[in-house]
Amino acid sequence: MWRGLWTLAAQAARGPRRLCTRRSSGAAAPGSGATIFALSSGQGRCGIAVIRTSGPSSGHALRILTAAGDLPPARHASLRLLSDPRSGEPLDRALVLWFPGPRSFTGEDCVEFHVHGGPAVVSGVLQALGSVPGLRPAEAGEFTRRAFANGKLNLTEVEGLADLIHAETEAQRRQALRQLDGELGHLCRGWAETLTKALAHVEAYIDFGEDDNLEEGVLEQGGSTWWGRKTPVSPQRLPSLSLFACLLSPTADIEVRALEVALGAHLRDARRGQRLRSGAHVVVTGPPNAGKSSLVNLLSRKPVSIVSPEPGTTRDVLETPVDLAGFPVLLSDTAGLREGVGPVEQEGVRRARERLEQADLILAMLDASDLASPSSCNFLATVVASVGARSPSDSSQRLLLVLNKSDLLSPEGPGPRPDLPPHLLLSCLTGEGLDGLLEALRKELAAVCGDPSTGSPLLTRARHQHHLQGCLDALSHYKPSKDLALAAEALRVARGHLTRLTGGGGTEEILDIIFRDFCVGK
């Protein structure tokens, strides 16, 4: 019996380590075994261009291009004359860096050539590398894919690197850095370890419950007992107490229930991370001539919309991507809401109302000098009041009421309106009140997209949400089942979703989709 117990404990002990350490994912990089090379810096003329290689022939290529017998010291920049191996013609005097594997970005032998950034120099060095036997040009994302295959990055960190490369705003950069640092991966591995411990408890009871006369309620037992024994097991009775550490964790059932709560909280927050990655939808709306187009031009810092005193100038939805207070935003200018005088304007109003339903944040604009007009009163009653009446749990839509043309008001401000909701005063003409509006937008967008500098890591992709939802669904079959074998299977399925989220067991199709967005050289 002890031999079987030893085997089970060893398997359970190996489980957490496999999930908590970076190992090869088992996914072979395309053309693995070959040595690849590519220009890793940007295209075009520049002061310095970086060309790098990865693979077993990297050291050989460095020797050939530098005509040197010895490799330079590892991870130290060395000045070398690069020559064409076919003609011996000098190509450039460059800094070279030698990164022997596995202490490199890809885990393989790597070389970086820091050459002058002229097109002729770059082209000459690339052609020289292509003439070295065993070297070939890299495919898009192949360096990062090799880093993933060699256990240098897990899949969430790869996605964080891709997001960092494409980040256009401060908030996107912060979120991408957190994911590249492995915060989401560490969180998932911790959850997977919790499930591994619980699974060890259940499988131990299934395998040894009858032989060892274990009691009911094994899942609720603490670490001071051995699977339901009332008498603690002395360390001398165990072959290796460290192997049983994962089986002696206290209150396994409570930890699984706490995990369910944590998963639910992250899933409820999933849309925020996706908005942060792809951009929140902000719609500017209001009656005609409220200054909507002027505000869009002011926020985007370019003439996106035509501004005219004539009502109904904007007939269609005009959209532009904007960096607002550090957050990515798709800003939409819409037609003024009124009963249109013609079919074209009526279609514009219909499209404006359609965009309102899709908005994450509504910038509702009114003319501060014309609050008593029928169009302003109707807008307050239909749009502002209806969105404000929704509770946060019913809708994720948020609204900011902006009273434009404050430069036309008397020093006392707008006329008395006891029913007027909280609002901001702005003059698109003079810019007065713009700083206050930007600060309010920052707070609202932080609520819509999440603050990447605080709190738990955000779920930035639909793939993250899919696996966490699958894990939560599997855990819903864990406790209700009277059959311990079914409970163990539920834990196993739930743990599998967490493993696949960080890259274990991923299919080639999924990996191809993720890596195809990388540029060549990364």
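So, H10 and H13 are roughly perpendicular to each other in this predicted model, and that pair is where I'd like to start. The axes of helix H10, residues 292-300, and helix H13, residues 434-449, come within 12 Å and cross at roughly 75°. That angle falls in the 65 to 115 degree band, which is why I call the pair roughly perpendicular.

Okay, who touches whom? From H10 you have Leu295, Leu298 and Leu299, and on the H13 side they meet Leu434, Leu437, Leu438 and Leu441. Sort the residues of that contact by type and you get seven nonpolar, no polar and no charged.

Let's stay with H10 for a moment. How many of its nine residues are buried? Seven of the nine, so the helix is mostly covered. Those buried residues are Lys292, Ser293, Leu295, Val296, Asn297, Leu299 and Ser300. Notice that Leu295 and Leu299 turn up in that buried list and also in the contact with H13.

And what does the covering? H13 is one part of it, and the cover also includes strand E7 (280-285), E8, E9 and strand E10 (361-367). Then, just after H10, Arg301 takes a positive phi of about 60°.

That brings me to the backbone oddities. As a reminder, most residues other than glycine have a negative phi, and most peptide bonds are trans. Arg301 goes against that on phi, at about 60°, and there are a couple of others worth pulling up on the screen.

Take Ala325, with phi near 55°. Ala325 sits in the loop between strand E8, 318-324, and strand E9, 327-333. E8 and E9 are both among the strands covering the buried residues of H10. As for Ala325, its relative accessibility is 38%, so it counts as partly exposed.

Lys405 is another one: phi is near 65°, again positive in a residue other than glycine. You'll find Lys405 in the loop between strand E11, 398-404, and strand E12, 424-425. Its relative accessible area is 23%, so Lys405 is partly exposed; the cut-off for buried is under 20%.

For the peptide bonds, have a look at Gly101 and Pro102. They are joined by a cis peptide bond, with omega about 5°. Where is Pro102? In the loop between strand E4, 90-99, and strand E5, 110-117.

Now, cysteines. The disulfide count comes to zero, with the rule being sulfur atoms within 2.5 Å. Cys188, for instance, is in no disulfide: the nearest cysteine sulfur belongs to Cys471 and is 8.6 Å away. Is Cys188 buried or exposed? Buried, at a relative accessible area of 1%. Cys449 counts as buried as well, at 0% relative accessibility. Residue 449 also closes the 434-449 range of H13, which takes us back to the helix I opened with.

Let me zoom out to finish. The protein chain has 16 helices and twelve strands. Of its 522 residues, 49% are buried. If you take contacts between residues at least 6 apart in sequence, 68% of them join residues at least 24 apart. On the outside, the chain exposes about 24300 Å², and carbon and sulfur atoms supply 54% of that.

Terms used. Residues numbered from 1 in each chain as written. Predicted model: local features only at pLDDT ≥ 70, side-chain atom pairs only at ≥ 80, totals over all residues. Heavy atoms only, no water. Axes fitted to C-alpha atoms, helices over the stretch in contact; angles between N-to-C directions. Helix = DSSP H or I, 4+ residues; strand = E, 2+ residues; numbered from the N terminus. Parallel < 35°, antiparallel > 145°, perpendicular 65-115°, else oblique. Contact = heavy atoms within 4.5 Å. Nonpolar A, V, L, I, M, F, W, Y, C, P; charged D, E, K, R; others polar. Buried < 20%, exposed > 50% of the residue type's maximum accessible area, 1.4 Å probe, protein only. Areas by Shrake-Rupley, 256 points an atom, 1.4 Å probe, with all protein chains shown as cover.
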